[in-house]
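Please read these points with the structure open beside you, and check each one as you go.

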Amino acid sequence: MKTKVTVPGRVNLIGEHIDYHQLPVLPMAIQRRVSLSFETRTDRRIRAVSEHYGEREVCLACDTAPGLPGDWGNYIKAAVQAAGRCASLERGIDANVTSDLPAAAGLSSSSALLTAFTIALLAANGVQPTLKQLMDVLPDGEQFVGTRGGAMDHAAVLGAQNGCALLVRFAPLDLAAIPIPAGWSFLVAHSLTTAEKSGAVRAQYNARRAAGSEALRKLGFASFQAALCSPDCDRLAQSTSLTEEESRCFRHVMSEALRVQEAITALQSGDAVGFGNALTASHASLRDDLRVSCPALDELVQAALKARALGARLTGAGFGGCAIVFSKAEDRARIAEELVAKYYSRHSAFDPAHHLIYAEPSAGAIALAA
Ligand code: GLA
């Protein structure tokens, strides 16, 4: 009997490069998904076929080391590790993977794949995991594949609710769905430069994380939450004990945490201008302080703002990938047309179905399975 697991991608509305410092973030799941249909095997092998990436075989007991960087089979191995931490795995699966979620775009296609395989393997071994069980194992599983990311992506692809943004708080994990006001809309626009997590981006990403943590340590705080409560919070980044890189990363993390709060207040009060301003200010901080943008993303964000979007910013890890563009629903199609005319018309690789997505706030895997 075939069983299906569906896991959406996510776009982060605001709260970038702060989840790994345990600060709240505000992503939403989107309607683009990874779907895995599988049958349980009687032995301990996994045979997986992807329409885009070909076929892989993994043995539950023996294939524990990652293969070539970037190989999609690594996500299957990461899922074996993650699922193996929840239950003893005696049975493998025959799986078929399809997806309409662009890869390496900052939309969590890798987390969606890892999550789908983990859920399928557990199901094949008689376990229906809870959100908490999955959240305990998935972020570490991701580190097996590449970046030392936080837990935002897994929280979003699992726990999001239809029509809502998902406020994700960490330590302890807490998810709260916040309805997105009627008439607010989002475009996910690809910069047409890719951000391969397994490549050079991985080192850059990990370096930003390390610089923020080192700044925190030098300043003597146990957490960013504690630093944010300090009466000197505005001046901490200027401390002479920090290197320039540490100071910039620290300033981004502190200011982004405040922008998340502003964005939540704006979302809850229906203040579209305030919400958009927080997004645009986030991009400036990611570009100038954290330095994770790139010329293509900066140009795309500028083009969106020129088209009178209410806000725009890079989304996800950066260094390429997508921007999120926020507007009133009645302006979205016009903004999309202007982006095509002013940005995409110069790029022969542009494919509207993959690169310019009308993103709708969608349900996560748990709600989809219910
Ligand atoms: C990647 C990581 C996330 C998060 C973002 C940046 O998507 O997987 O955990 O750190 O980058 O906000």
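1. Before looking at the sheet, it helps to know that two strands are said to pair if DSSP finds at least two bridges between them. The model discussed here is a predicted one. In it, strand E8 (residues 184–190) and strand E10 (residues 322–328) run antiparallel and are joined by seven bridges, and within this pairing Val188 of the one strand stands opposite Ile324 in E10.

2. These two strands belong to an open sheet of four, whose order is E9-E10-E8-E11 and whose pairing is antiparallel. Strand E9 (311–314) and strand E11 (356–359) stand at the edges with a single partner strand each, so one side of each has no neighbour in the sheet. From one strand to the next, the twist averages 20 degrees.

3. Helix H10 (residues 329–342) packs on this sheet, where it touches E8, E10 and E11, and its direction makes about 140 degrees with that of E10.

4. Turning to helix H5 (residues 200–219), its 20 residues should span 28 Å at 1.5 Å a residue, and the end C-alpha atoms are 29 Å apart, which agrees.

5. Which residues of H5 are buried? They are Val201, Tyr205, Arg208, Arg209, Ala211, Gly212, Ala215, Leu216 and Leu219. Seen down the axis of H5, these buried residues fall within an arc of 150 degrees, so they line one face of the helix. They pack against helix H3 (131–145), helix H6 (224–229) and helix H7 (244–269), while Ala200, Ala203 and Arg217, on the other side of H5, are exposed.

6. After H5 comes Gly220, whose phi is positive, near 85 degrees.

Technical notes
Residues are numbered from 1 along each chain as its sequence is written. This is a predicted model: local features need pLDDT of at least 70, side-chain atom pairs count only at pLDDT 80 or more; totals for chains, interfaces and linings use all residues. Side-chain values use heavy atoms; hydrogens and water are left out. Axes are lines fitted to C-alpha atoms, for helices over the stretch in contact, and angles run from 0 to 180 degrees between N-to-C directions. Contact means heavy atoms within 4.5 Å. The expected span of a helix is 1.5 Å times one less than its number of residues. Buried means under 20% relative accessible area, exposed over 50%, partly exposed in between (1.4 Å probe, protein chains only). The arc is that of the directions from the helix axis to the C-beta atoms.
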